[in-house]
Amino acid sequence: MFNYVIDEELKLKLLMPEHARQMFALVERSRHRLRQWLPWVDGVAEQAHLTTFIKNSVKQGIDNGGFTAGLWVREELAGIIGYHEIDWHNRSVGIGYWLGEGYEGQGYMTSACRVFVDYALLELELNRIEIRCATGNMASRAIPERLGFIFEGVIRQAEKLPAGYVNHAVYGLLRSEWKLLG
């Protein structure tokens, strides 16, 4: 089971069904801000929707396809980070993440992403990590930029959000590049 203490106030814990209540409360408090960048937010009308998401994430982990963790700040759920389905043949994975309102701008998600990058490249021995963000989501884009990811280009109209289609900025990092940064 993946549990990782980053420092005295910040830790990552594998997301489990019993976390659905806290996750739903976080989505509710952050709904207005999250819906700008995440297409699933308006579809989360009750805690049961997140219980289903978490159960699917747990199954993905059991099937060796990646996992999703909660980011806990002083024992409160602050956000979510996870691997998209691992491509074992090509030894690559994408990372997705979001923070609840009030937790932004403090370096929490950059620290969590650093742990996920280390784990993917050094423990899972993957070769490539990709992060995609809406081009207008500067806070989200700053994370791969701070971690030394390479901006690889833009995918036009990659995702439909409530306000319309957004382009995605694509960032990539190779195992050989991460070793040089370390």
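These legends walk through several close-up views of a predicted model. Residue numbers start at 1 and follow each chain as its sequence is written, and side-chain values rest on heavy atoms, with hydrogens and water left out. Because this model is predicted, local features need pLDDT of at least 70 and side-chain atom pairs count only at pLDDT 80 or more, while totals for chains, interfaces and linings use all residues.

**View 1. The whole protein, with five helices and eight strands.** Helices (H or I, at least four residues) and strands (E, at least two) are DSSP runs, numbered from the N terminus. Followed along the sequence, they give the pattern β-β-α-α-β-β-β-α-β-α-β-β-α. The radius of gyration is 16 Å, close to the 16 Å from the globule rule for 182 residues, so the protein is as compact as a globular protein of that length. That radius is taken over C-alpha atoms, and the globule rule is 2.2 Å times the number of residues to the power 0.38. The C-alpha trace spans about 45 × 40 × 30 Å along its principal axes. Of the 182 residues, 47% are buried; buried means under 20% relative accessible area, exposed over 50%, and partly exposed in between (1.4 Å probe, protein chains only).

**View 2. The span annotated in UniProt.** An unreviewed UniProt entry places the feature "domain: N-acetyltransferase" at residues 24-176. UniProt positions appear in the numbering used here, feature names are shortened, and annotations may be inferred rather than shown by experiment. This span is 35% helix and 34% strand, and its end C-alpha atoms lie 38 Å apart.

**View 3. An open sheet of eight strands.** Here the strands take the order β1-β2-β3-β4-β5-β6-β8-β7, with mixed pairing; two strands pair if DSSP finds at least two bridges between them. At the edges are β1 (3-5) and β7 (150-161), each pairing on one side only. From one strand to the next, the twist averages 25°. Axes are lines fitted to C-alpha atoms, for helices over the stretch in contact, and angles run from 0 to 180 degrees between N-to-C directions.

**View 4. Strands β4 and β5, and the helices on the sheet.** β4 and β5 (residues 92-99) run antiparallel and are joined by five bridges. One partnership to look for is Ile81 with Tyr97 in β5. Helix α1 (residues 20-34) packs on the sheet and touches β3, β4 and β5, at about 85° to the direction of β4. Helix α3 (residues 108-123) also packs on the sheet, with β1, β2 and β8 among the strands it touches, and its direction makes about 35° with that of β4. Contact means heavy atoms within 4.5 Å.

**View 5. Two loop residues with positive phi.** Most residues other than glycine have a negative phi. Asn64, not a glycine, has a positive phi of about 65°. Asn64 sits in the loop between α2 (47-62) and β3 (68-73), and is partly exposed at 46% relative accessibility. Glu75 has a positive phi near 70° and lies in the loop between β3 and β4 (76-83). With a relative accessible area of 54%, Glu75 is exposed.

**View 6. Two cysteines without a disulfide.** A disulfide is a pair of cysteine sulfur atoms within 2.5 Å, and the count by this rule is zero. For Cys113, the nearest cysteine sulfur is that of Cys133, 8.7 Å away, too far for a bond. Cys113 is buried at 0% relative accessibility, and Cys133 is buried at 4%.
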